[in-house]
Structures are given as C-alpha cells and as structure tokens.
Amino acid sequence: MAEEELIVRGLTGVDMSLRIAGPGTRSFAFLIDWQIRLLAALGLILVASLLRLLPGISRSVTQPVWIAALVLAPLIYFLYHPVLEVVMHGHTPGKRKAGARIVTVEGTIPTVGSLLIRNVFRLIDCLPGFYMVGLGCCLFSDRRVRLGDMVAGTVLVLEEPGASKALGRLGEAMQRSALPLEALRLIQDLLDRWRDLEHAQRTRLARDLLARLEPGFDLTRETLSEDALRVRLEALLGARS
Amino acid sequence: MAPDPDSSATVWIRARAGAWQALAAEVASAPQRSRATPEDALRTLQSYRTLARSLANARQLLPGSFLTTALADACATLHVAIGQPPRFGRARLLTLFRDDIPAAAASVRATTLWIAALLGASALAGWWLVSTYPALVSLIASDRMIDGVEHGHLWTDQLFSIAPPELLSARIFSNNVVVTLGAFCSGILFGLGTFYMISFNGLMLGGLFAFTHQHGLAHGLLRFILAHGPVELSVICLAGAAGTALGESLMRPQLATRSESLRRRGTELGPLLIACALLLLGSGLIEGFISPNPRFSVPFRLAVGLGYWTLMLLFLGGKLIPRPKAAGG
C-alpha cells in the first residue's frame, strides 16, 4: 500500500508530515517541463535555420551559429532537469506549477550529488519508452518514487503554499474573535472557497452559519445581500470588528 | 475532577494566537530566501522551534483540528527551508574536486581493476571469436563499416571530412556519456547489467581489432584511438566499477535495509559521475579534433593519450589540487 505522507523527524524531535505527490502530479509536472525544454531546443534550431536561409548573411557567420545551435539544443534538452533542479533547489517550472518539490527522505532539500544521481537514472526510468519503468515504480513503490529517487534518496512532495496564510489568519481570528475554534474553521473555509462556490450555495451556507453563530440573526427574516453576508462573516472572524 | 480540555485548549490558543500571527510572515519568507544572513537564519530557527513546540501541544490538546493542520503545514514549510544545503559556491566546488571525487574513486579502486580485467578478457574473447569465425563481425559492425574495411578504408578515415570537429566532439561526447551512465545505472540489476555492458564493449573492441587486423588496418585503428582511448576506456571501467558497487549494495547491504544501503552508496558515488562526465568531455574533444586528423603523428598522439591519462590519475587520486597544510601543534 502506497504511503500518503512522508513522516520526518523534526529538528526538535517533533515529527511532521509532508504529502507525497502521486503519479498524476509527477506526470503533470513532467509534461510542462517537457514542453518547455522541447520548445527551447527546437526554437534554437529554428532560429539558426532561419539565419541560414536569410539572404545577405555570409556563411562564415551562419555556420558557427548553426553548429552552436546543434550543440546547444541537445544540451538544453538533456540538462534541463539536472541544472534547474540544482539551481531552483528541488523545483523546476513544471514542478512549481504542479505544486510539488523534491526533498530528501529526511524532508530537506537534496544536495547537488543526490539531484544528479536522480537525473542520471532517467536513463533507466525512461525505458522502454514513455517512462514506463519510472511510472511502474511510481505506481507500486511505497513512497511513489521512480528508480532515480530510490537511489538518490529523494521523494516528490506536495507543497503547502497556503501554510503561512492559514496560520496568519487563524492567529488573527483567534485573537479577535470569541468563537470556538471549529466555528472559526468553518467560517474560514467558506470565505476561502467563496469565489469557487455558486451564488446560491454560498448564500445558503453563509446564512446557515450566521444563524448558528450570530445571536439575533433570524434566518426567516434577514434578507441580506451576498456582499453583506460576507462582511458579517468577516466580522465574526474578527477581521472587521 | 479533570480539567475541561476545551477550556484549557482555548486558553492556550488565545495566549499564543498573536505569536502565530507574527510567525506567519517568517513562514512565508524563509523558503523564498536564496541567501540568508546569520540573523535571518537564527530568526527562522527560533520560529521553527516555537512552531514545533506549539504543534506538539496542539496534537495533545486538539488532535486532528484545523489549528493542528495549520501548525503542521507551517512547521513542515520551515523544516524544508532550514534543511536547505549551502550554496554550491567555490568552497563546495573545491571540496568536491579535492576530497569527494578522490574518495569516491578510492572506494571503487579494487573493483575498477576487476572491471578493467573483465574488459580486457572480453576484448581477447572478441578477438579470438572474430579471428576464428570472421562472419561474426556482422554482429558488432554495420554493413557499411565492413564494406569499407574490406576495401581498405577505416570508417574513422572519413570522420574528419564529414562533420566539423566541434559537432563531432559533441556527438562523441554524448555517445560516451550514454555508455558510461548506462554502465553505472545498469548496476541496479544486482550488477549484472554492468557486467553485460562492459563485456559487450570489450567484445566489440577486440572483435573490431581482429577484423581490421585481418585486412591489415589494425595499426590505423590503434593510431586513431591512441590519443583518446586510454582515458575513455578507463572512464568506462570506472563507471562500471561504480555500477558494480551499486549492485553490491543491493546484494550485500551494509545498512539495515537494501534501500538504505543503495541510497547511501548512490550518494557516495555521485561525485564520481561528475568526474566521469568531465573526463569524457576532454576525451570527446581529443576524439573530435586530434584522433581523426591525419596531420598528427603517432608520437604526438601517444604523448596526448599518456599525458591525459596521467592527468586523470592525478585528478582521481586527489593529487591535482593540493590540500591545505594541517595546523601544527
């Protein structure tokens, strides 16, 4: 059974968990990265080819550019992952877009050596085509890792981009509001998802919540607009006291 | 009577809410820093300790709650930020070349000799096979190569005229890198993949020499590989030894589990692959610019080959970059 979380021992002895990214997230990140490196490599060759076709430019200029493009294009394609993962500390543009990053099994950012080993094993992971070995390993390994990760001791985890925001808003709400924690969580959840919900849904949920939490709010009589409901919820959180 | 957990939790939360709100900014900024001052680092560590303490308490007082999740996420974010390795600057580069690469090379020294012996034995076997059964050469050489040799031309003769040396070097370098990395990575099949790759390369080398010898062209092939061959073959042996070491870590794990053992060995051998890639870069340049060029004499090629090989030995032995003298006393 695949693990959902990577449990790491914190520096102070308190365990913490990082959510492990599955094959879907990996594939999504890989596809974005693949498109970027392919476009960059092909773009370089295209520019060099166009330069050769332009009239009036001597061969002594176009030939070195053409050779440079032929040498650089494969370098861009094959060194994209190792170089960017080292420079961006376990990220690539694709991984960033997918909300994932590479960490060690101890939950720290991998060293250059680990990242290189991880990338060298793409040679095996991509066999016999379409990353079949890597994908197979991902599907059946405990931590959903490919061979390269197994050897390098790395794991792809999901980032928590809202960690600081959630902590800050919670701290603020707990200071200003007298409501119990679970009530604050419900309000916070609703406000976070406000734009994603349908108008009727968010209005109904807001009215239900206000009826339970705000003394004097009469569900049958109050006919507040959507914006007014939102303001009342924010006031309960203490943000607009 | 036991205290009401809800009320004690509420009191505890309200006492710390302000601190958490203040720490949120640190949680947001710490992972974004590419360079941290000592003050930044200390502040991040202090924030981490405070959050970890709060997390431990929250797990006791409010297990599975929204607050515990928020604290755990914040704590994990800072944990990753704190574990960021130092920048890969000059000092780290110096350590890599002066200490890490020689240490990794030394750890596989005996295995490298065994792999070199395997390569040599396979080459002899290839020579014997092709000498005894000449038709077997079609297994290791293309029809065009065979046809050319039968008409008195080595396939290396035209290399200099069909592609610019820069392009030739790049192509040769990438081919060699794939072979070398393949020899390393296939070690994960308990070392058998590496043995197969080394043996196959040895068979090819010996077989091609036997075939060219039959047509009186062996000295031409030797002349071609004299400048780049010593380092190229040594690097393949080195990568093969690293692959074998990887396989050995699976067969005879030195740590509690095979996966831990593989991980440890993989990380130790990482620097060796960097060395292999750099040595192959030099080898590719020699093979692109010097080896196919008929203007260079045999003594010059020999000097380049031996010189570069000696440089490789010094580099892998840690003799190229002097160590700082230990303080006396």
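1. In this predicted model, the secondary structure of chain B consists of 13 helices and 0 strands, and reading from the N terminus every element in the order is therefore written as α, as in α-α-α-α-α-α-α-α-α-α-α-α-α. Chain A has another make-up, with 11 helices and 4 strands.

2. The overall dimensions of chain B deserve attention, since a compact globule of 329 residues would have a radius of gyration near 20 Å, whereas chain B has 29 Å. Along its principal axes, the C-alpha trace of chain B covers about 100 × 50 × 40 Å. Of the 329 residues in this chain, 41% count as buried, and of the contacts in chain B with a separation of 6 or more, 79% are accounted for by residues 24 or more positions apart.

3. What radius of gyration does chain A have, and what does the globule rule give for 241 residues? The value for chain A is 26 Å, well over the 18 Å of the rule, so chain A is more spread out than a compact globule. Its C-alpha trace spans about 85 × 50 × 30 Å along the principal axes. Buried residues make up 36% of the 241 residues of chain A, and among its contacts between residues at least 6 apart in sequence, 59% join residues at least 24 apart.

4. Both chains carry a division into domains. Chain A is divided into domain 1, residues 5-158, and domain 2, residues 163-237, and the C-alpha centres of these two domains of chain A lie 42 Å apart. Chain B is divided into domain 1, residues 5-82, and domain 2, residues 90-316, and here 53 Å separate the two centres, again taken over C-alpha atoms.

5. The contact between the chains takes 47 residues from chain A and 53 residues from chain B. On the side of chain A that touches chain B, several elements each supply at least two residues, among them strand 2 (15-19), helix 2 (59-87) and helix 9 (181-192). Which element of chain A gives the most to this side? That is helix 8 of chain A, with 10 residues. Sorted by character, the residues on this side of chain A divide into 29 nonpolar, 14 polar and 4 charged.

6. Val86(A), which is found in helix 2 of chain A, offers a single-residue view of this contact, for it touches Val112(A), Leu115(A) and, from the other chain, Phe88(B), when residues up to four places away in sequence are not counted. Val86(A) has 18 other C-beta atoms within 10 Å and is therefore partly exposed, because a residue counts as buried if 20 or more lie within that distance and as exposed if 12 or fewer do. Val86(A) and Leu116(A) are 30 residues apart in sequence, yet their C-alpha atoms are 8.3 Å apart in space.

7. Helix 9 of chain A allows a simple check of its length: at 1.5 Å a residue, its 12 residues should span 16 Å, and its end C-alpha atoms are 16 Å apart, which agrees. Within helix 9 of chain A, Leu181(A), Leu184(A) and Ile187(A) are buried. These three residues cover an arc of only 125° around the axis, so they sit on the same side of helix 9 of chain A.

8. Is Val157(A), in strand 4 (residues 154-158) of chain A, buried or exposed? Val157(A) counts as buried because it has 25 C-beta neighbours inside 10 Å. Leaving out residues up to four places away in sequence, Val157(A) touches residues including Leu6(A), Leu18(A), Ile20(A), Ala100(A) and Val103(A). Thr12(A), by comparison, is 145 residues from Val157(A) in sequence and 21 Å from it in space, C-alpha to C-alpha.

9. Some details of the backbone should be looked at with care, because most residues other than glycine have a negative phi, and most peptide bonds are trans. The peptide bond from Leu127(A) to Pro128(A) is cis, with omega near -15°, and Pro128(A) has its place in the loop between helix 5 and helix 6 (132-140) of chain A. Phe130(A), found in the loop between helix 5 and helix 6 of chain A, has a positive phi of about 55° although it is not a glycine, and with 9 other C-beta atoms within 10 Å it is exposed.

10. In chain B, Phe190(B) also has a positive phi, near 55°, in a residue other than glycine. Phe190(B) lies in the loop between helix 8 (165-185) and helix 9 (192-214) of chain B, and with 15 other C-beta atoms within 10 Å this residue is partly exposed.

How values were computed. Residues are numbered from 1 along each chain as its sequence is written. Chains are lettered from A and ligands numbered from 1 in the order in which they are written. This is a predicted model: local features need pLDDT of at least 70, side-chain atom pairs count only at pLDDT 80 or more; totals for chains, interfaces and linings use all residues. The radius of gyration is taken over C-alpha atoms; the globule rule is 2.2 Å times the number of residues to the power 0.38. Two residues are in contact if their C-beta atoms, placed from the backbone, lie within 7 Å. Ala, Val, Leu, Ile, Met, Phe, Trp, Tyr, Cys and Pro count as nonpolar, Asp, Glu, Lys and Arg as charged, and the others, Gly among them, as polar. Domain bounds come from an automatic or database domain assignment. The expected span of a helix is 1.5 Å times one less than its number of residues. The arc is that of the directions from the helix axis to the C-beta atoms.
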